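User: I'd like to go through this model and ask how each label was earned. Can you take me from the value to the conclusion each time?

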Amino acid sequence: MPDQNLILNVRNLTKRFPGVVALNNVQLKLHEGEFLSLIGENGAGKSTLMKILAGVQLQDEGTVEVSGQTVRMDSVKTSQAHGVALIHQELNLSENLSIAANIFLGREPTTTGFLNKRVIHQEASRFLGMVGLDIDPKTLAGDLSIGQQQLVEIAKALSIDARILIMDEPTSSLSAGESERLFEVIADLRQRGVSIIYISHRLAEVKMLSDRVTIFRDGEYVGDLVGDEITHDAMVKHMVGRDISQYYSHEPNQTGDAILEVANLRTQANPDHELSFKIMQGEIVGISGLVGAGRTEMLDALFGVAPAISGTIKVQGCPVTITSPKDAIALGLALVPEDRKGQGLILPMSVKENTSLASLKTHAISRIFRNSEKESQDTDLMIKRLRTKTPNADQVVGFLSGGNQQKVVLGKWLATDPTLLLLDEPTRGIDIGAKQEIYQLMEELAAQGMAVLFVSSELEEIIGMSDRTIVMHEGRITGEISREDLTEESIMHLATGGDHQ
Ligand SMILES: Nc1ncnc2c1ncn2[C@@H]1O[C@H](COP(=O)(O)OP(=O)(O)OP(=O)(O)O)[C@@H](O)[C@H]1O
Ligand SMILES: [Mg+2]
């Protein structure tokens, strides 16, 4: 594409944080009406560059040009005035404000200087209509699903008349249906001439959507792929700088006694259904189903986050009562939750402290002294294995990139040496290189005789990693599929409520 159509031109841009060069002399070009994806491993610098473009952070060196004019993006207002809107990786809506208030936050339309609620609601409805969201603008943002919040953020971008819309991992917590909806809205935005920068670890959607792909690695610009060059293999190779096979393929283990036996379990979320199943030593069991099937709720019941209403749970043959996560941990269970930001981490604490949190018992050499050396060793091992990008184990977790924070949560639970590991969407937001490591860790744990129960919305992951898959639909288990019979069709049949053949 000719460079005179450049709407955005980032040149020689550098951004340093204490101990990290987040961006080192990078470049990025966006043409009018173009769909550009920015990809790279966790910590590559993607979100940092987007925050600079949005006026949230300021670069140390380098220039940003919008339509040929150099702009100092010193505030969100400046950035918006140049037509740039950023939808953050961690969504940014104020949960206790209405949709309308969120859309017009800080720049409410006024008539004769007074706030006009009616106009705000009318205008909000108009923008909601443009993203196909048929919801009362008075609804509180906190009452919306993540997908709906995402669409509200886009409505907000439309309301500031964004010409450059940046989306940082918009689909990482969306259901397949919500993602489809988002892609339709994006297609519509492109019709209106909006240029888009899109960040995602889902390479299939990157390939489907992009005109061009820019790749960063460790804070450096690696290159661009255009048109036919955008293949899965080319993207992976540029991102990680080496060849890796797409999926780690799992070798079934010799299974032993039952680690977990669940009979007639009724969860708080779906009290009308009873869940019964078993997990054996050395087994990796996947839980599949559509969003809302009750998978997370089942894990929450097992781990005591939302204790079951009735039913029996046996751990290693003994009937147990689990009324809190503390009970569950004492029984050798570990849960890596889906919402890692809310449940998994203490952001102001260090990587090391977070990693050791759940395994304090193993590290305690007496009641008073903690075995700091063992903590350090375990943390360093996890950092190495999961390829967590952090200057050192003492870095504050809140300063890590989104995907690297997730790696810390995983490491924290893996370090507890659980007998039963519960994982909820373990690779969400995780880059492709680290995914392989997580699969390999699951494999190793199973080979050591642990049991792994994991929820995943990625069918390839379920098919690639599970010995057996439990499929749920609307709060109940619709069937189990053994490894030999696992196909996308057999899973979808049960996930949509079909009978077990
Ligand atoms: N406020 C900060 N203080 C210190 N370091 C930071 C800060 N923000 C980002 N970093 C570091 O800068 C690097 C780039 O982070 P960034 O969030 O841009 O990565 P990313 O490419 O978006 O990764 P992910 O795919 O995990 O979201 C990381 O090493 C991160 O830890
Ligand atoms: Mg990021």
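User: What share of the contacts in the protein between residues at least 6 apart in sequence join residues at least 24 apart?

Analyst: That share is 67%. Keep in mind that this is a predicted model, and that a contact here is a pair with heavy atoms within 4.5 Å.

User: How do you know whether the radius of gyration of the protein agrees with a compact globule?

Analyst: You set the value against the rule: for 501 residues a compact globule would come out near 23 Å, and the protein has 24 Å, so the two agree. Along its principal axes, the C-alpha trace spans about 70 × 50 × 50 Å. The protein holds 18 helices and 22 strands.

User: What part of the protein is buried, and what supplies the area it exposes?

Analyst: Buried residues make up 51% of the 501. The protein exposes about 21,900 Å², and carbon and sulfur atoms supply 48% of that.

User: What makes Ser47 and Gln89 a pair worth asking about, and which ion do they coordinate?

Analyst: The magnesium ion (ligand 2) is coordinated by Ser47 through OG and by Gln89 through OE1, at 2.0 to 2.3 Å. Those distances fall within the 2.8 Å allowed for a donor. Ser47 belongs to helix H1 (residues 46-53), while Gln89 sits in the loop between strand S6 (84-87) and helix H3 (99-103), so the pair ties together parts 42 residues apart in sequence.

User: Why is Ser47 called buried and Gln89 partly exposed?

Analyst: Buried means under 20% relative accessible area. Ser47 has 18%, so it counts as buried. Gln89 has 23%, so it counts as partly exposed.

User: How do you know whether the span of helix H14 agrees with its number of residues?

Analyst: H14 covers residues 372-385, and at 1.5 Å a residue its 14 residues should span 20 Å; the end C-alpha atoms are 20 Å apart, so that agrees.

User: Which residues of H14 are buried, and how do you know where around the helix they fall?

Analyst: The buried ones are Glu375, Asp378, Thr379, Met382 and Ile383. Seen down the axis of H14, they fall within an arc of 135 degrees, so they line one face of the helix. The face turned away from that buried side carries Glu373 and Lys384, which are exposed. Just after H14 comes Arg387, with a positive phi of about 55 degrees.

User: How about H4: what do its span and its buried residues look like?

Analyst: The 14 residues of H4 (residues 117-130) should span 20 Å at 1.5 Å a residue, and with the end C-alpha atoms 20 Å apart, this agrees. Ile120, His121, Ala124, Phe127 and Leu128 are the buried ones. Looking down the axis of H4, you find them within an arc of 130 degrees, so they line one face of the helix. Gly132, just after H4, takes a positive phi of about 70 degrees.

User: What puts the buried residues of H18 on the same side, and what covers them?

Analyst: In H18 (residues 488-495) the buried residues are Ser490, Ile491, Leu494 and Ala495. They cover an arc of only 130 degrees around the axis, and that puts them on the same side of H18. Their cover includes strand S15 (284-289), helix H17 (459-465), strand S21 (468-473) and strand S22 (476-482). Gly497 follows H18, with a positive phi near 95 degrees.

User: Why would a positive phi be worth pointing out in a residue that is not a glycine?

Analyst: Because most residues other than glycine have a negative phi. Asn25 is not a glycine, yet its phi is positive, about 55 degrees. Asn25 lies in strand S2 (residues 20-31), and its relative accessible area of 45% makes it partly exposed. Gln316, also not a glycine, has a positive phi of about 50 degrees. Gln316 is found in the loop between strand S16 (310-315) and strand S17 (318-320), and at 47% it too is partly exposed.

User: How far apart are Ser276 and Ile477, in sequence and in space?

Analyst: They are 201 residues apart in sequence and 8.1 Å apart in space, C-alpha to C-alpha. Leaving aside neighbours within four places in sequence, Ser276 is in contact with Val262, Ala263, Asn264 and Ile477. Ser276 lies in strand S14 (residues 275-280), and at 38% relative accessibility it counts as partly exposed.

Technical notes. Residues numbered from 1 in each chain as written. Chains lettered and ligands numbered in written order. Predicted model: local features only at pLDDT ≥ 70, side-chain atom pairs only at ≥ 80, totals over all residues. Heavy atoms only, no water. Helix = DSSP H or I, 4+ residues; strand = E, 2+ residues; numbered from the N terminus. Expected span 1.5 Å × (residues − 1). Buried < 20%, exposed > 50% of the residue type's maximum accessible area, 1.4 Å probe, protein only. Arc of directions from axis to C-beta. Donors = N, O, S within 2.8 Å, 3.2 Å for Na, K, Ca; no water. Rg over C-alpha atoms; globule rule 2.2 N^0.38 Å. Areas by Shrake-Rupley, 256 points an atom, 1.4 Å probe, with all protein chains shown as cover.
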